[in-house]
Amino acid sequence: MESALPSIFTLVIIAEFIIGNLSNGFIVLINCIDWVSKRELSSVDKLLIILAISRIGLIWEILVSWFLALHSLAIFVSGTGLRIMIFSWIVSNHFNLWLATILSIFYLLKIASFSSPAFLYLKRRVNKVILMILLGTLVFLFLNLIQINMLIKDWLDRYERNTTWNFSMSDFETFSVSVRFTMTMFSLTPFTVAFISFLLLVFSLQKHLQKMQLNYKGHRDPRTKVHTNALKIVISFLLLYASFFLSILISWISELYQNTVIYMLCETIGAFYPSSHSFLLILGNAKLRQAFLLVAAKVWAKR
């Protein structure tokens, strides 16, 4: 049974890879068609395009890493291969996480209602706020890459001084833990920001529902529906990224203890996030959902 597990997990990874490329490619295609036809595109649609492209990159990176881990681990102890794999993972994961976080902030500023002067100031300048956060994430990414490059350079220097196999493998495991710990710490910041956005949206919805109860509108109010739709998108991102984060973390630990089954299982679970959340974004967006149902109906009719 254990000999069949790599093949089973590989098939699941490939299925997730196909679904992820189709769902993210669909987001890019529909929004680009809309952009060409209308000569303009909303800020949220632009964010969705960039997010979908970054997720396509992340999905490809996950697939490549999977096959390298199964068949060609030696590339990880070469200088060029090491930098390419680690930097590509950092860049794709960084933009994927931060763009989803920015989407959460966008929903917060567009939908939530608070009387705070600071919030109202940010709400009036939402596009500038998003642009500044994007620029800030580039600085954040640059600092992350510098930190990781220092760790890589330090390990390579020690590896060149002692090239025995036992030394390289044990030292590489220590180096791998250091790199992944640094990457984990950098990932916690955008996740925390997205979680705060979620809490503020919940608080805003609670205040809105209290007002609506006085007017006997309750959940039938359109603004309530907008709140709940935004909350569904944000909470799905938080839950799916939390599962992605934990699965990757456990896979790293299992890799240290050489538990291949747990490693493959966690990697497979982790690949579910960039594919499934994009599909949920399609269902949560009226334009994308309508286009998806239209395509699905045409495909079904041809059968």
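Here are a few notes on this predicted model, going from the overall fold to individual contacts.

1. Overall make-up. The protein chain has 10 helices and zero strands, so there is no sheet to look for, given that strands would need an E run of at least two residues. Read along the sequence, the pattern is simply α-α-α-α-α-α-α-α-α-α.

2. Burial and long-range contacts. Of the 303 residues in the protein chain, 44% are buried. If you take contacts between residues at least 6 apart in sequence, 77% of them join residues at least 24 apart.

3. The main core. What holds the largest nonpolar core? It has 60 residues, and Leu-103, Tyr-107, Leu-201 and Phe-237 are the ones with the most contacts inside it. Helix H3 (residues 79-111) gives the largest share of this core, with 12 residues.

4. A closer look at Leu-103. Leaving aside residues up to four places away in sequence, Leu-103 touches Val-44, Leu-47, Leu-48, Leu-51 and Leu-281. Helix H2 spans 43-71, while helix H9 covers residues 272-284, if you want to place those partners on the model.

5. A second core. There is also a separate core of five residues, and Ile-86, Ile-90, Ile-148 and Ile-152 are among them.

6. H8 against H9. The axes of helix H8 (residues 260-270) and helix H9 come within 5 Å and cross at roughly 20°. That angle makes H8 roughly parallel to H9, because anything under 35 degrees counts that way. On the H8 side the contact uses Thr-268, Ile-269 and Gly-270, and on the H9 side Phe-272, Tyr-273 and Pro-274. By type, these contact residues split into four nonpolar, two polar and no charged.

7. H1 against H9. Helix H1 (residues 5-38) also packs on H9: their axes come within 8 Å and cross at roughly 35°, and the crossing is left-handed. From H1, the contact takes in Glu-16, Ile-19, Gly-20, Ser-23, Asn-24, Phe-26 and Ile-27. From H9, the partners are Phe-272, Pro-274, Ser-275, Ser-278, Phe-279, Leu-281 and Ile-282. The residues of this contact divide into eight nonpolar, five polar and one charged. Phe-272 and Pro-274 of H9 also appear in the contact with H8.

8. One backbone angle to check. Which residue other than glycine has a positive phi, near 65°? That is Arg-39, in the loop between H1 and H2. Is Arg-39 buried or exposed? With a relative accessible area of 74%, Arg-39 is exposed, because the cut-off for exposed is over 50%.

Terms used:
Residues are numbered from 1 along each chain as its sequence is written. This is a predicted model: local features need pLDDT of at least 70, side-chain atom pairs count only at pLDDT 80 or more; totals for chains, interfaces and linings use all residues. Side-chain values use heavy atoms; hydrogens and water are left out. A nonpolar core is a set of buried Ala, Val, Leu, Ile, Met, Phe, Trp, Tyr and Cys residues joined through side-chain atoms within 4.5 Å. Buried means under 20% relative accessible area, exposed over 50%, partly exposed in between (1.4 Å probe, protein chains only). Helices (H or I, at least four residues) and strands (E, at least two) are DSSP runs, numbered from the N terminus. Contact means heavy atoms within 4.5 Å. Axes are lines fitted to C-alpha atoms, for helices over the stretch in contact, and angles run from 0 to 180 degrees between N-to-C directions. Angles under 35 degrees count as roughly parallel, over 145 as roughly antiparallel, 65 to 115 as roughly perpendicular and the rest as oblique. Ala, Val, Leu, Ile, Met, Phe, Trp, Tyr, Cys and Pro count as nonpolar, Asp, Glu, Lys and Arg as charged, and the others, Gly among them, as polar. A crossing is left-handed if the near helix is turned anticlockwise from the far one by less than a right angle, and right-handed if clockwise.
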